[in-house]
Amino acid sequence: MHRRQFVLGALGAGASAGSALAFPRAGSRACSTAAIPFGAAIRVDLLRDDPDYRRAVLAHCQLLVGEGGLKWFDLRPAADRFVFDHPDRLIAFAEANGLKMRGHTLAWYAGMPKWTETITTRQEAERALYEHIDTVVGRYKGRIPSWDVVNEAISDNPAIQKPMRPSLWQDLIGTRHVELALRRTAAVDPKVQLVLNDFGFENPTLQCRAKRAAFLRLVKDLKDRDAPLHAIGLQGHLPGEQEIDREGLSRFVAELHGMGLAILVTELDVIDDKLPADTVIRDEIVASRARSFLQAIGDVCRPEAVLTWGLSDRHTWVPIWFSRKDKMPNRPLPLDANYQPKPFMQVIKDFTRATS
Ligand code: G3I
């Protein structure tokens with residue numbers, strides 16, 4: 001296929017699917033017309049070591065989240081020791097510059113230090129989870145207003161796997177760990193926005209459909225049990241070669257919204273390992289995927305925040321797992337490796353600006 005046709009095909013696919021879907025709004029939250037705060041996942045050392053990075057963050061972001069720093073692996077080198085250096089520095093930077101913080105994350109299957117393998121019973125697991133939440137949420141009470149309390153609780157493919165992803169918490173406590181984590185976080189900081197954060201909802205595949213269904217079951221169950229939960233974080237690590245299932249994603253968002261939950265876009269980027277090498281074409285496809293994803297959400301209700309997972313192609317997690325076969329650098333983010341805006345940044349600007 002001619003390269004141009006490839007791009008137009010991708011762009012056309014994004015633009016064609018349902019833009020005026022009617023969804024039930026009963027019981028749902030009001031949708032704001034105000035500008036949506038934009039932010040990015042930050043590597044705190046770069047704020048110190050790379051002045052261009054720091055300038056770009058200050059130029060573009062109203063909201064920050066640590067790419068690491070608050071994960072168990074980073075905070076807990078030993079069972080009896082917490083290291084708060086990185087998040088302390090990031091929060092100080094945010095506060096000095098009038099930026100808001102999000103917290104990522106309290107209960108996750110990954111990023112667990114080796115010593116946690118000594119936790120082997122349900123009681124020990126509950127005790128460890130509570131101690132962690134009390135210490136971390138307690139330390140930043142009033143300074144981190146929104147927390148990804150549980151991250152990636154649903155398995156990769158609930159069509160062929162158990163719906164809940166195996167983890168220390170799931171294995172020892174069961175699905176109830178989600179409710180326990182939410183309740184404990186709410187008890188420590190009653191003003192905090194409690195978020196379940198997850199990925200893999202947006203493509204027209206059986207896997208994504210099964211993931212949406214499993215996630216909705218979890219959320220409905222939590223609601224039935226009156227568990228405190230305020231928002232859903234849609235990560236948005238978009239596989240660049242796949243179309244966005246705009247109708248499926250919009251329906252999913254409408255169901256969540258109808259349960260009174262806010263939506264946040266928490267980790268947006270476009271994984272470009274399978275996209276054409278030509279950077280102009282690649283950047284256009286990346287932008288069009290991001291636009292389709294955001295529009296599918298915005299068709300139901302504008303999200304409360306949009307964050308990308310990193311800001312510049314210079315510093316991104318994507319090559320850790322999705323480096324390109326042709327060895328060209330990945331280009332998943334709104335700014336290029338020299339901190340210049342790409343078409344993706346224009347998509348963010350268009351989407352986040354106030355609508356009235
Ligand atoms: O800190 C060392 C550094 O000293 C060393 O030079 C470098 C060499 O490889 O490794 C550095 O640590 C790596 C760190 O990323 C760098 O930022 C870790 O090995 C690596 O495991 C870590 O990966 C992070 C991953 O989560 C696991 O915590 C990625 O940066 C981070 O982007 C990724 O973020 C996740 C979200 O939390 C959840 N959603 C998916 C997302 C992407 O995988």
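Which helix is Leu182 found in? Leu182 is in helix 8, which runs over residues 176-188. Before going further: this is a predicted model, and everything I say about distances and areas is computed from it.

Let me stay with Leu182 for a moment. Its relative accessible area is 0%, so Leu182 is buried, the cut-off being under 20%. Leaving out residues up to four places away in sequence, Leu182 touches Val149, Leu194, Leu196, Leu222, Pro228 and Leu229. There is also a pairing across the chain to note: Leu182 and Ile133 are 49 residues apart in sequence, and their C-alpha atoms are separated by 9.7 Å.

One of those contacts, Leu196, takes us to the core. The largest nonpolar core has 99 residues. Leu196 is among the residues with the most contacts inside that core, along with Leu64, Trp169, Ile232, Leu256, Leu268 and Phe293. Which helix gives the most to this core? That is helix 11, residues 279-298, with 9 residues. As for Leu196 itself, its contacts beyond four places in sequence include Val150, Val178, Leu182, Phe215 and Leu218. Also on the list for Leu196 are Val219, Leu222, Leu229, Ala231, Ile232 and Gly233. There is a second core, separate from the big one, of 13 residues, and Val65, Ala262, Ala305 and Val318 are among them.Now the ligand. Which residues are around it? Going along the chain, they are Arg43, Glu67, Lys71, His104, Trp108, Asn151, Glu152, Gln235, His237, Glu267, Trp309 and Trp317. Sorted by class, this shell has 3 nonpolar, 4 polar and 5 charged residues.

Three polar distances are worth writing down. A polar side-chain atom of Lys71 is 2.7 Å from an oxygen atom of the ligand. In the side chain of Glu267, an N or O atom lies 2.7 Å from a nitrogen atom of the ligand. The side chain of Trp309 has an N or O atom 2.9 Å from an oxygen atom of the ligand. On its own, the ligand has 800 Å² of accessible area, and the protein covers 45% of that.

Two of the shell residues deserve a second look, starting with Glu67. Glu67 sits in the loop between strand 2 (63-66) and helix 4 (72-75). Is Glu67 buried or exposed? Its relative accessibility is 11%, so Glu67 counts as buried. The side chain of Glu67 makes a polar contact of 2.8 Å with the side chain of Arg43, and Arg43 is also one of the residues around the ligand. Beyond four places in sequence, Glu67 touches Ala41, Ile42, Arg43, Trp309 and Trp317.

The other one is Glu152, in the loop between strand 4 (146-151) and helix 7 (168-173). Glu152 counts as buried because its relative accessibility is 9%. Its backbone is the point of interest here. Most residues other than glycine have a negative phi, and most peptide bonds are trans. Glu152 is not a glycine, yet its phi is positive, at about 60 degrees.

Tyr339 is another such case, with a positive phi of about 65 degrees. Tyr339 is placed in the loop between helix 12 (318-322) and helix 13 (343-352). At 10% relative accessibility, Tyr339 counts as buried.

On the peptide bond side, which residues does a cis bond join? They are His104 and Thr105, with omega at about 0 degrees. Thr105 lies in strand 3, residues 100-108, and His104 is in the ligand shell.

Last stop, Arg212. Arg212 is in helix 9, residues 206-224. Arg212 has a relative accessible area of 8%, so this charged residue is buried. What does the side chain of Arg212 reach at 2.8 Å? The backbone oxygen of Phe201. Not counting residues up to four places away, Arg212 touches Phe201, Asn203, Asp245, Gly248, Leu249 and Phe252. For a longer span, Arg212 and Ala107 are 105 residues apart along the chain, with 20 Å between their C-alpha atoms.

Gly248, from that contact list, lies in helix 10, residues 246-258. Gly248 is buried as well, because its relative accessible area is 14%. The C-alpha atoms of Gly248 and Asp198 are separated by 16 Å, and the two residues are 50 apart along the chain.

To recap the ligand site: Lys71, Glu267 and Trp309 are the side chains I listed with polar distances to the ligand, and Glu67 and Glu152 are buried residues of the shell. That is all I have.

Key
Residues are numbered from 1 along each chain as its sequence is written. This is a predicted model: local features need pLDDT of at least 70, side-chain atom pairs count only at pLDDT 80 or more; totals for chains, interfaces and linings use all residues. Side-chain values use heavy atoms; hydrogens and water are left out. A residue is near a molecule or strand if one of its heavy atoms lies within 4 Å of it. A polar contact is a pair of N or O atoms within 3.5 Å; within protein, one must be able to donate a hydrogen and the other to accept it, and residues adjacent in sequence count only if both atoms are side-chain atoms. Accessible areas come from the Shrake-Rupley method with a 1.4 Å probe; for residues, only the protein chains shown count as cover. A nonpolar core is a set of buried Ala, Val, Leu, Ile, Met, Phe, Trp, Tyr and Cys residues joined through side-chain atoms within 4.5 Å. Buried means under 20% relative accessible area, exposed over 50%, partly exposed in between (1.4 Å probe, protein chains only). Helices (H or I, at least four residues) and strands (E, at least two) are DSSP runs, numbered from the N terminus. Contact means heavy atoms within 4.5 Å.
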